[in-house]
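Welcome! Here is a short tour for anyone meeting this structure for the first time. Have a look at the model, then read on.

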Amino acid sequence: MATTFLPCGVYHENYKQDQAWWQTKFIKSKMFLLFISLFFIIPWISDTYWLSIANLIGYTVLGALGVQLLIGFCGQVTLGHAAFLAVGAYVSTLLVLEFPWPALLVEWGLAYPLSILISAIAAGFWCVLFGLPSARVKGFYLILTTMAAQFITVDFVITQYVSQIGGRGQAFSLPPGTIKVGPWVIDSDIKVYYMMIVLVILCVVGLVNLLRSRVGRAWVAIRDNDISAEVMGINIIKYKLLAFFVAGFIGGIAGAVWISNLAAISPEHFPWFLSLWLVGVVLIGGAGSIHGTIFGSIFMVVVMELLQMAVIPLADTYPKLLVDFLFIKESAFGLAICVFLIFEPNGLAYRWWQAKNYFNLWPFSY
Amino acid sequence: MELFFMTITTGVMVGGIYALIALGWVLIYKCSGVLNLAMGELTLIGAYVSLAFYSMGVPFIPALLLSLAVGFILGILTERIFLDKLIGEPVLTVIMVTVGLSFFFKGIVELIWSTDTRVFEPPVFPLEPFRFGPIVVGQVYLWSFVAAIILLVIFVCFFKYTRWGLAMQATADDEMAALSIGISARFVYAAAWAIAFMAAGVGGTLLGNINGLNISVGYMGLLVLPAVVLGGLNSVPGAIVGGIAIGVMQNLCGAYLDQYFPGAVKEIAPFAFMAIFLLFKPYGLWGWERIERV
């Protein structure tokens, strides 16, 4: 996406200003307001229902960030990202439940945060494993490989083998009180919200800064034309695999965080639908833009909730609707993807960019 | 040994159906360059439509023909409403539109027919199996195979000998040249989708006759992807060979590997095979190898 113009009459005088993250005082105050509202106003005004929706949005953002990195910045299409979320969730759960943590760590509440880190690394390597074919194939063939990742990981490895560990059968239930971060036991929506928001901010900041660095520029070069990127001396296999690692890492964090919001996890939490949902979020938000990931997540989650709210009053007259809501959601999602791709191929982020530039350049749109 | 031959025979029979669906896929790709991920849902729609006609009391063959007609109309509508606007867009956009379509279709099918398994009642094919010496094959499989082969032959003849088929071949070969001799590319795209819908519908109906009809038949339609990757994306003979090979492989894995990896090995094997195959021979057995330049 093209750069945003500076407001009228604002000029950079040195490179430091040019490279700065928040370039004007206006942006700084805007971000400050955003932080205030994220940390204080939203938890203060919203009830449990809206907090749970905010958590869902956070989960979607975390999951879609990795997809955005792969599709929007590195040009490697993935249709199996739910597999890496599942790996993160399962590794974290297994570590929390089965690993003999030293009593000291459990007491200090470090077991779960450490398990998030380990599961993120595990998911990253699992993602690299399925990214290996990207060294040889691209485009449609890579899509097929990532689809295979989904089916092999979730439907085979996790359902058939991982679920059997500990003899619990299909679902791993997390007893209340096991998820503990520092002195806080994560047992309510508001605590999940705070944990989620911190992790979302960390991941977004980390990824955005990574994209500003040499690594990110290499990714964008590979996306735009991989052959010219190779000619320019970029080791494309290394950078592609690095992109897969980072995407899997963030996906692993998403999965590991999400278990704090669930009483039990089972393979049904990570269907193929979730993979495609994440891709849909990225495309609706706008590929190649971090803003787009967040807008897309908010848009999709809120639209689906509104759809549900519309269905519930109608259910009194048509009780069948309640049963069929899942199917309505599915087809609405499919239709939304089609409509956005046909009529709004640049996504929501493009409109945001247009609006920002309009106000920045107002009144002299030179 | 008997088990081995029986597995192979069943595999070939089911593979014939996969080949039919794969043919529809290859057709769309050859003619319009669309990589279609909604193939599973096309099979679902065709199968449910013919089931609906059949349970209304229409005999099987007319029901199948009616579902072909519905598939033809739906195919043209789909192409005109969704895919027509995407000519010249990036590949990912088109693929994701087909993914969106697959969800849309699946949701609609579930809304109309719900998710319970339905069977063709009364059974279309007699239940007692055929015996060729030691090999026993269910009649469903045999007749499905025969029907699939007949349709395959009809489709291949259509491409080789009719005016429309030749127009489609010409477009697949060189779109610009085809346009310059007066072939309407839009017509060819619509025809490709219509034929894919029809082929998938017949394939779905036959699959529904074997195991009963539910959403998982749509998953069977997804198996065309390993089949076309094996045969090469733009090769019609490749699609046929690939479909049969995937059918055989799936049944062999189900028979021999199930004891070592209990559970869903039959469903996963084609995809695992595909992932490994892509590493070594990404263009398939007969696909065109693309040479890329900056």
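In chain A, 79% of the contacts with a separation of 6 or more are between residues 24 or more positions apart. Please keep in mind throughout that this is a predicted model. Chain B can be described in a similar way: 76% of its contacts between residues at least 6 apart in sequence join residues at least 24 apart.

**The two chains**

The table puts the overall figures for each chain together.

| Chain | Residues | Helices and strands | Radius of gyration | Box along principal axes | Buried residues |
|---|---|---|---|---|---|
| A | 366 residues | 15 helices, 4 strands | 21 Å | roughly 65 × 55 × 45 Å | 41% |
| B | 294 residues | 12 helices, 2 strands | 19 Å | about 55 × 50 × 35 Å | 50% |

How do the radii of gyration fit the globule rule? Chain A has a radius of gyration of 21 Å, close to the 21 Å that the rule gives for 366 residues, so chain A is as compact as a globular protein of that length. For chain B, a compact globule of 294 residues would come near 19 Å, and the 19 Å of the chain agrees with this.

If you follow chain B along its sequence, the helices and strands come in the pattern α-α-α-α-β-β-α-α-α-α-α-α-α-α.

**A bent helix in chain A**

Now find helix H2 of chain A, which covers residues 25-45. From its first C-alpha to its last, this helix of 21 residues reaches 28 Å, close to the 30 Å expected at 1.5 Å a residue. Where does H2(A) bend? The place is A:Ser37, and the bend there is about 45°. H2(A) is also hardly covered, since the count of buried residues among its 21 residues is 0.

**Where the chains meet**

The contact between the chains takes 37 residues from chain A and 37 residues from chain B. On the side of chain B that touches chain A, the elements giving two or more residues are helix H4 (91-113), helix H10 (224-231) and helix H12 (265-280). Which of chain B's elements gives the largest share of that side? It is H4(B), with 17 residues. Sorted by class, this side of chain B has 27 nonpolar, 5 polar and 5 charged residues.

**Helix H4 of chain B, and what follows**

H4(B) deserves a look of its own. At 1.5 Å a residue, its 23 residues should span 33 Å, and the end C-alpha atoms are indeed 33 Å apart.

Within helix H4 of chain B you will find B:Ser102. Is B:Ser102 buried or exposed? It counts as buried, because 25 C-beta neighbours lie inside 10 Å. Leaving out residues up to four places away in sequence, B:Ser102 touches B:Leu37, B:Ala38, B:Gly40 and B:Glu41, and also A:Gly334 from the other chain. Between B:Ser102 and B:Ala227, 125 residues apart in sequence, the C-alpha to C-alpha distance is 19 Å.

Just after H4(B) comes B:Ser114, with a positive phi of about 55°. B:Ser114 lies in the loop between H4 and strand S1 (130-132) of chain B. With 14 C-beta neighbours inside 10 Å, B:Ser114 counts as partly exposed. B:Ser114 and B:Ile215 are 101 residues apart in sequence, yet their C-alpha atoms are 9.1 Å apart in space.

**The largest nonpolar core**

In soluble globular proteins, nonpolar side chains tend to be buried together. Here the largest nonpolar core has 199 residues, and those touching the most other members are B:Ala22, B:Ala192, B:Ala196 and B:Val224. Helix H8 of chain B (residues 185-211) gives the most to this core, with 16 residues.

Take B:Ala22 as an example. Leaving aside neighbours within four places in sequence, B:Ala22 is in contact with B:Val224, B:Ala227, B:Val228, B:Ala239, B:Gly242 and B:Gly243.

**A last stop in a loop**

Finally, look for B:Asp258, in the loop between helix H11 (236-256) and H12 of chain B. B:Asp258 is partly exposed, with 14 other C-beta atoms within 10 Å. The C-alpha atom of B:Asp258 is separated by 50 Å from that of B:Ala178, which is 80 residues away along the chain.

How values were computed
Residues are numbered from 1 along each chain as its sequence is written. Chains are lettered from A and ligands numbered from 1 in the order in which they are written. This is a predicted model: local features need pLDDT of at least 70, side-chain atom pairs count only at pLDDT 80 or more; totals for chains, interfaces and linings use all residues. The expected span of a helix is 1.5 Å times one less than its number of residues. The bend at a residue is the angle between axes fitted to the seven residues ending there and the seven starting there. A residue is buried if 20 or more other C-beta atoms lie within 10 Å of its own, exposed if 12 or fewer, and partly exposed in between; C-beta atoms are placed from the backbone. Two residues are in contact if their C-beta atoms, placed from the backbone, lie within 7 Å. Ala, Val, Leu, Ile, Met, Phe, Trp, Tyr, Cys and Pro count as nonpolar, Asp, Glu, Lys and Arg as charged, and the others, Gly among them, as polar. The radius of gyration is taken over C-alpha atoms; the globule rule is 2.2 Å times the number of residues to the power 0.38. A nonpolar core is a set of buried Ala, Val, Leu, Ile, Met, Phe, Trp, Tyr and Cys residues joined through C-beta atoms within 7 Å.
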